[in-house]
Amino acid sequence: MTYPNRDRRPADRPTEFVTPAEPPYAAEEEVVERGDSRVRAVRVACAVIDLLCWLFAIVLAIHIFLVIGGANPANGFARMIESWSAGVSLGLRDLFTPESPGLRTLLNDGLAALLWLLIGAVLTSVISRVALPAHERRVWYRRTVR
């Protein structure tokens, strides 16, 4: 396979300066700025929702780790995580009631953490599909026909 030679210099004088050819377009360009403040606002809102949902899931995961690891419940950090995780547990604290406190926490808070991640994904997806213009949306499926 050979490629065309785009060099316009003569072969016997390869270091000679050649003036550039005129561009096929006008020398002046028009810059058009579009207002994308709505796109930015939607993306910031989705990022904040994602951040909060991940933060809630991480707090629940830390609480699971502390309970399974046998952390001292009188410790200030353990009490703080316990109170935060109680606030974001979505009312699932007594859904499963096995005998072991570690297994109980794993099932209840683990389900709440998964639900927070699911809630964040669904909310950001719905918001971006409704509020963003068609060319700015994420594409999940693209089919190319040849």
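A residue counts as buried when its relative accessible area is under 20%, as exposed when that area is over 50%, and as partly exposed in between. The exercises below use this rule on a predicted model.

**Exercise 1. Describe the overall make-up of the protein.**

Solution.
Step 1. Take the elements: the protein has three helices and zero strands. From the N terminus on, they run α-α-α.
Step 2. Take burial: of the 146 residues in the protein, 22% are buried.
Step 3. Take the surface: its accessible area comes to about 11800 Å², and carbon and sulfur atoms hold 62% of this.
Step 4. Take the contacts: among those with a separation of 6 or more, 54% join residues 24 or more positions apart.

**Exercise 2. Decide whether D109 is buried or exposed, and list what it touches.**

Solution.
Step 1. Locate the residue: D109 lies in helix α3.
Step 2. Apply the cut-off: D109 has a relative accessible area of 1%, so it is buried.
Step 3. List the contacts: residues up to four places away in sequence are not counted, and D109 then touches L60, H63, I64, S85, S89 and R93.

**Exercise 3. Find the salt bridges and show how they are linked.**

Solution.
Step 1. Recall the principle: side chains of opposite charge can pair when their charged atoms come close.
Step 2. State the cut-off: a side-chain nitrogen of Lys or Arg must lie within 4 Å of a carboxyl oxygen of Asp or Glu. The count by this rule is two salt bridges.
Step 3. Take the bridge between R93 and E82, where the closest N and O atoms are 3.2 Å apart. This pair links distant parts of the chain, with E82 in helix α2 (76–87) and R93 in the loop between α2 and α3, 11 residues apart.
Step 4. Take the bridge between D109 and R93, where the closest N and O atoms are 3.1 Å apart. Here helix α3, which holds D109, is linked to the loop that holds R93, and the two residues are 16 apart in the chain.
Step 5. Join the results: E82, R93 and D109 form a network of salt bridges.
Step 6. Check the burial of the partners: R93 has a relative accessible area of 22% and is therefore partly exposed. E82, at 35%, is also partly exposed, whereas D109 is buried.

**Exercise 4. Classify the aromatic pair.**

Solution.
Step 1. Count: the structure holds one aromatic pair.
Step 2. Compare the ring planes with the cut-off: F56 and W116 have ring centres 4.7 Å apart and planes at 65 degrees, so the pair is edge-to-face, since planes over 60 degrees apart count as such.
Step 3. Place the partners: F56 is in helix α1 (residues 37–69) and W116 is in helix α3 (residues 101–131), 60 residues apart.
Step 4. Check their burial: F56, at 23% relative accessible area, is partly exposed, while W116, at 14%, is buried.

**Exercise 5. Show which residues C53 meets.**

Solution.
Step 1. Locate C53: it is in helix α1, and at 5% relative accessibility it counts as buried.
Step 2. List the contacts: leaving aside neighbours within four places in sequence, C53 is in contact with W116, L117 and G120.
Step 3. Compare sequence with space: C53 and L117 are 64 residues apart in the chain, yet their C-alpha atoms are 5.9 Å apart.

**Exercise 6. Name the members of the nonpolar surface patch and examine V122.**

Solution.
Step 1. Name the members: L90, L115, L118, I119, V122, L123, V126 and V130 form the patch, with about 650 Å² of accessible area together.
Step 2. Examine V122: this residue is in helix α3, and at 45% relative accessibility it is partly exposed.

Note on methods
Residues are numbered from 1 along each chain as its sequence is written. This is a predicted model: local features need pLDDT of at least 70, side-chain atom pairs count only at pLDDT 80 or more; totals for chains, interfaces and linings use all residues. Side-chain values use heavy atoms; hydrogens and water are left out. Rings of Phe, Tyr and Trp (its six-membered ring) pair if their centres lie within 6.5 Å; planes under 30 degrees apart count as stacked, over 60 as edge-to-face and the rest as tilted. Helices (H or I, at least four residues) and strands (E, at least two) are DSSP runs, numbered from the N terminus. Buried means under 20% relative accessible area, exposed over 50%, partly exposed in between (1.4 Å probe, protein chains only). Patches are made of residues with over 30% relative accessible area and no salt bridge: like charges are joined within 9 Å, nonpolar side chains (Val, Leu, Ile, Met, Phe, Trp, Tyr) within 5 Å. Accessible areas come from the Shrake-Rupley method with a 1.4 Å probe; for residues, only the protein chains shown count as cover. Contact means heavy atoms within 4.5 Å.
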